[in-house]
Amino acid sequence: MNNDSSMYEAAKSLARNPLGIIALFIVLVYAVASVVISLAKAEFYQNPFHPAVLFLAIFPVVVLGVFTYLVARHHRNLYAPQDYKDEVHFFGGLKIPSVLERGGGVATSDASGKETDLQIASSIEASYGELLSFGFVLVHQTEVVQLRTSPKSGRYRVRVWIESIQRQRPISDIASVTYRVWSDFNPSVISTSDQASNFDLWLSVYGEFPVLALVTIKNGETYVLQRFIDLPGRPPD
C-alpha cells in the first residue's frame, strides 16, 4: 500500500511540468511493452524482426532525437513556473528586444522595424485619448489559496476593482459598475454601487478568463472597461 502511495505521489509530482509528463509517457510505454513481452508466446522470441522487438529497439532512438531537439530548441517549454526558485525567473530566458538593452523605454519582439500605419496610429491615438478622458481603469489582484498540482486543482482568490487615473475624476463620480464574468459563474452578470470598496468584485477561480465592466457615471455616461484575469503560474485550465 505504501509503495502504491509513493508511486502515486511520484507520478503526481512529475505531472506538474512538460518534462515530467514526457518521463511518465516513456515509463508507461515501457511498462505496457514489458507486459506484452512477458505474456508473449515462445514463437515471439524466435522472431527478431517482430514489430514489438523493432519498436523496443527504435523507440529509445526516437525519444533521444526528440528530447535533443526539445532541449536545443525549446528548453524553456520543458519547465513550469513553479519549478523555479522564484517564478519571476521563468521569464528570464525570454529574448529581450535590443532597444531595451540599449536603454530604450518601449519595444516589441518584432525585429522587422515595421512602421505603424498612419491611419491606425490616428485611430488608436483617439481611443487612448478617450480612455484618458474617461479617467478610470479596471485592475485586479490575485492571492494563491491552493497551489495547482493537477488540472483544475489550483484555487485563487481574485479581487477586481475600479481605480481613477485622473485627479479631476474622483471615484465618487461613478454611480454603479456592472460586471460580466465567465459563463460558469452564477450569476455571470453582477452589479455593485459600493463606492467605499471601489466597486470591487471578488472571485474564487481555478483558471483565467476575461472580465468586462460597464461603468455608469452619475451624469448617465457609460464606458466599458475590460481586464484579463491572469493568475500566478498561468494555469491552462
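In the predicted model, Arg157 and Glu143 are paired in a salt bridge, and their closest N and O atoms lie 2.7 Å apart. This pair links distant parts of the chain, since Arg157 belongs to strand E2 (residues 155–164) and Glu143 to strand E1 (residues 136–146), with the two positions 14 residues apart in numbering. Arg157 has a relative accessibility of 37% and counts as partly exposed. Glu143, at 42%, is also classed as partly exposed. Side chains of opposite charge can pair when their charged atoms come close.

The count of salt bridges in the model comes to 5. One of them joins Arg234 to Glu208, with a distance of 2.6 Å between the closest N and O atoms. Here too the pair links distant parts of the chain: Arg234 is in the segment after strand E7 (222–229), whereas Glu208 is in the loop between strand E5 (201–205) and strand E6 (209–217), and the two are 26 residues apart. The relative accessible area of Glu208 is 17%, and because buried means under 20%, Glu208 is classed as buried. Arg234 has a relative accessible area of 46% and is partly exposed. Salt bridges that share partners also occur, and they join Arg169, Asp173 and Glu221 into one network.

Within this network, the side chains of Arg169 and Asp173 meet in a salt bridge with an N to O distance of 3.3 Å. Arg169 has a relative accessibility of 13% and therefore counts as buried, the cut-off being under 20%. Asp173, at 24%, counts as partly exposed, because this value lies between the limit for buried residues and the limit of 50% above which a residue is exposed.

Apart from the charged pairs, the model has a nonpolar surface patch of about 480 Å². The patch is made by Phe49, Leu54, Ile58, Val62 and Val66. One of these residues, Val66, is placed in helix H3, which covers residues 51–73. The relative accessible area of Val66 is 45%, so this residue is partly exposed. Patch residues need over 30% relative accessible area, and Val66 therefore meets this requirement with its 45%.

Methods
Residues numbered from 1 in each chain as written. Predicted model: local features only at pLDDT ≥ 70, side-chain atom pairs only at ≥ 80, totals over all residues. Heavy atoms only, no water. Patch = residues over 30% accessible without salt bridge, like charges linked within 9 Å, V, L, I, M, F, W, Y side chains within 5 Å. Areas by Shrake-Rupley, 256 points an atom, 1.4 Å probe, with all protein chains shown as cover. Salt bridge = Lys/Arg side-chain N within 4 Å of Asp/Glu carboxyl O. Helix = DSSP H or I, 4+ residues; strand = E, 2+ residues; numbered from the N terminus. Buried < 20%, exposed > 50% of the residue type's maximum accessible area, 1.4 Å probe, protein only.
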